[in-house]
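This briefing is for a reader new to the structure shown below. It deals with the ligand and its surroundings, then with the pockets and the cavity.

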Amino acid sequence: MSKTTVIAIAGASASGKSLFASTVYQELVAELGSDGIAILAEDAYYRDQSHMTMEQRVLTNYDQPSAFEHDLLKQHIRDLRDGKAVEMPQYSHTTHTRLPESIPVAPAKVIMVEGILLLTDPSLREQFDISVFMDTPLDVCLLRRIKRDIEERGRNLQSVTEQYEKYVRPAFFDHIFPSKQYADLVVTRGGRNEIAIDIIKTKIRQLLAE
Ligand code: CTP
């Protein structure tokens, strides 16, 4: 295994990927030190839509591979493995655009990457040493998504429902669910699954001790 361990956390929209990643991060960061662990979000690599009208942005399919700048994400993972810091973009789900400020991410012994389509792309998959799939029931994900998109992403019930039926649900069956076969660890019951969090933490400690 390479010096940097890269862990993918994939799964449906609102399945608890970011909660799982941030919980592992919070529980290990003090122990591993400042160059110990970092998180990249696939969401940060959504393509900028600032050249489009708001109507065009709202109608865009954000659940297909071409919505993401995966080449930049791959480059950033490679750079971090090579010991180079990267500037992770910041993305607004409210305006559907990249924000002017990026977030510096320093190289770390463990890089967690979380996102819906990480395991669907063979050239991305080969970047990951460990792959986790959040197997949260789709009805639980949908309820979370409705609440989150209305409270945090400037949406309303009608827009969430239309987008879900047109793009989000089909993408789950076309892209996300089939990619579960590539996971090393399938996590049920969402991002608070303490046993799964402990398993990943134990594996990380074991790799760092080698
Ligand atoms: N999306 C959107 N509008 C955009 C860009 C993305 O509605 N301008 C939606 C896509 O439809 C996609 C979702 O964002 O389904 C991807 O983010 P998601 O995985 O839901 O966010 P996380 O916070 O990573 O989810 P989790 O709860 O699993 O942590």
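How many residues surround the ligand, and which are the closest? In this predicted model, the ligand is surrounded by 22 residues. Ser-13, Lys-17, Ser-18, Asp-63 and His-96 are the closest of them. The ligand takes up the space of the largest pocket. A second largest pocket, of about 310 Å³, and one cavity of 30 Å³ or more are described after it.

**The ligand and its shell**

- Sorted by class, the residues around the ligand are seven nonpolar, seven polar and eight charged.
- Three helices, α1 (17-32), α5 (138-152) and α6 (157-176), each contribute at least two residues to this shell.
- Lys-17 is among the closest residues, and an N or O atom in the side chain of Lys-17 lies 2.7 Å from an oxygen atom of the ligand.
- For Gly-16 the contact is with the backbone: a polar backbone atom of Gly-16 is 3.0 Å from an oxygen atom of the ligand.
- The side chain of Asp-43 has an N or O atom that is 3.2 Å from an oxygen atom of the ligand.
- The ligand would expose 620 Å² if taken alone, and the protein buries 95% of that area.

**The largest pocket**

- The largest pocket, whose space the ligand takes, holds about 660 Å³.
- Its lining has 29 residues, and those closest to the centre of the pocket are Ser-13, Ala-14, Ser-18, Arg-148 and Arg-153.
- α1 and α5 are the elements that give two or more residues to this lining.
- The largest share belongs to α5, which provides seven residues of the lining.
- In the lining of the largest pocket, 14 residues are charged, eight are polar and seven are nonpolar.
- Ser-13 and Ser-18 are named both among the residues closest to the ligand and among those closest to the centre of the largest pocket.

**The second largest pocket**

- The second largest pocket contains about 310 Å³ of space.
- Of the 17 residues in its lining, Val-58, Leu-59, Ser-159, Glu-162 and Gln-163 lie nearest the centre.
- α2 (54-59) and α6 each supply at least two residues of this lining.
- The largest share here, five residues, comes from α6.
- By class, the lining of the second largest pocket has seven polar, five nonpolar and five charged residues.

**The cavity**

- The count of cavities of 30 Å³ or more comes to one.
- The largest cavity has a volume of about 70 Å³.
- Residues that line the largest cavity include Ala-12, Ser-13, Leu-138, Cys-141, Leu-142 and Arg-145.
- Tyr-164, Val-168, Arg-169, Phe-172 and Ile-176 are also part of the lining of the largest cavity.
- The elements with two or more residues in this lining are α5 and α6.
- α6 gives the most to the lining of the largest cavity, with five residues.
- By class, this lining has eight nonpolar residues, one polar residue and two charged residues.

**Elements and residues that recur**

- α6 supplies at least two residues of the shell around the ligand, and α6 also has the largest share of the lining of the second largest pocket.
- α5 likewise supplies at least two residues of the shell and has the largest share of the lining of the largest pocket.
- Ser-13 is one of the residues closest to the ligand, and Ser-13 also lines the largest cavity.

Technical notes
Residues numbered from 1 in each chain as written. Predicted model: local features only at pLDDT ≥ 70, side-chain atom pairs only at ≥ 80, totals over all residues. Heavy atoms only, no water. Near = heavy atom within 4 Å. Polar contact = N/O pair within 3.5 Å; in protein donor to acceptor, adjacent residues only side chain to side chain. Areas by Shrake-Rupley, 256 points an atom, 1.4 Å probe, with all protein chains shown as cover. 1 Å grid on protein atoms, 1.4 Å probe; cavity = no way out; pocket = protein on both sides within 12 Å on 5 of 7 lines; lining within 4 Å. Sits in = over half its atoms within 2 Å of the grid points. Helix = DSSP H or I, 4+ residues; strand = E, 2+ residues; numbered from the N terminus. Nonpolar A, V, L, I, M, F, W, Y, C, P; charged D, E, K, R; others polar. Points joined across faces, edges and corners; volume = space filled by probe spheres on them.
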